[in-house]
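Here is a short tour for you, with the ligand site taken up ahead of some strand pairing. Have the viewer open as you read along.

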Amino acid sequence: MTTTATKGKASAPAKIILFGEHFVVYGNPAILASINRRITVSARKGKEGKVTIRSDIAAGEFEGSTFRLIEGANARATLEPIYFAARQVLVSRKQPAGTGLEIEMSSDIPYGVGLGSSAAALVATIAAVEELLGKTDRKKICESAIEAERIIHKNSSGADCYVSTYGGMIFYSRGEGYKKVESKSDLFMVIGNTGIKHNTGELVSSVRRLKEANQMAFQGLMAQSKDICNQALNALNSGNVDHLGMLMNENQLLLERLGVTHEKADELIDIARSSGALGAKITGAGGGGAIIALAASKQDSERVAAGIKAAGYSAFEIEIDSKGLVVN
Ligand code: MEV
């Protein structure tokens, strides 16, 4: 028998894409990892007919198709996918029409820079509402999060939702799902944040236009990206971090060819490399956003982070999170 709680609570991690972003949309593999930054969501029953959502960046209340702004710029667009996801759970769990919800979110994930904050928000929200109603199922949560993410960008590969739900490092492709990857060596990684927010949907569309304009050249880049992912998997399995760094630099060249890098991201990548990183690249959709750098040791990763900070940007060291979605 399932019982109904008064509150559902769940948290889900941010992510990095080590290899293969954009190409993963077209069926290629990508290597991703969830990291030690999370969003926590709690859900309670609310006033009849109203779904109120409060996050660190926006707050508002939905009642059917009506939206009432509480605070935040662009609040409706930010909160709508969360509303959709929560409503879907109510419908699938056959809750009476007009069931109200109060959803609260708090996060230490920089948003809009490619670290998977929207996927994590969706995964944690769906899990929190499911928990409120008495039962959670990871597979279903992941699928519902992907469906809701497709409101944000309709061609989502689903990779971000997978890694946020299942955690750890994964080798993912749209056709074959994911398998867990263990690195034989410690990975000392740093995120550098350009602070420039991007629109994933627009960047994915710009890559699609490029693909349609030049199918042959795009197929060539797909083949190179796939080869890099397969080599990276071997490098992870054998603990060859030097090779991994080199492959990150090669991956960045492909992203440059796709036109998704940005002068500020290039600047951070240069700083990371000249501060001793083995390799560096943008992570996620690009167009500004965040970069990741790989270092050979803790000391080196501290130096890379310090180099980026000295140039006036934010930077932090990261660890891989093994838990993924946590429901409590
Ligand atoms: C966004 O984090 C990653 C992209 O590859 C898009 C996707 O996989 O849906 C750019």
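**Ligand site and strand pairing**

In this predicted model, a side-chain N or O atom of aspartate 160 lies 2.9 Å from an oxygen atom of the ligand. On its own the ligand would expose 300 Å², and the protein buries 96% of that area. The points below look at the ligand's surroundings and then turn to strand 3 and its partners, strand 4 and strand 6.

**Around the ligand**

- The residues surrounding the ligand are Lys15, Ile17, Glu21, His22, Val24, Val25, His153, Ser156, Ser157, Asp160, Val204 and Ala285.
- By character, this shell splits into five nonpolar, four polar and three charged residues.

**Polar atoms facing the ligand**

- Lysine 15 places a side-chain N or O atom 3.0 Å from a ligand oxygen.
- Histidine 22 takes part through its backbone, with an N or O atom 2.9 Å from an oxygen atom of the ligand.
- Aspartate 160, the residue we began with, has a side-chain N or O atom at 2.9 Å from a ligand oxygen.

**Strand 3 and strand 4**

- Strand 3 covers residues 51-54 and strand 4 covers residues 59-63; they run antiparallel and are joined by four bridges.
- The connection between strand 3 and strand 4 is a hairpin of four residues.
- To find one bridge pair, look for threonine 52, whose partner in strand 4 is glutamate 61.

**Strand 3 and strand 6**

- Strand 3 also pairs with strand 6 (residues 100-107), this time in parallel and through four bridges.
- Here arginine 54 sits opposite glutamate 104 of strand 6.

How values were computed. Residues numbered from 1 in each chain as written. Predicted model: local features only at pLDDT ≥ 70, side-chain atom pairs only at ≥ 80, totals over all residues. Heavy atoms only, no water. Near = heavy atom within 4 Å. Polar contact = N/O pair within 3.5 Å; in protein donor to acceptor, adjacent residues only side chain to side chain. Areas by Shrake-Rupley, 256 points an atom, 1.4 Å probe, with all protein chains shown as cover. Nonpolar A, V, L, I, M, F, W, Y, C, P; charged D, E, K, R; others polar. Pairing = 2+ DSSP bridges. Helix = DSSP H or I, 4+ residues; strand = E, 2+ residues; numbered from the N terminus.
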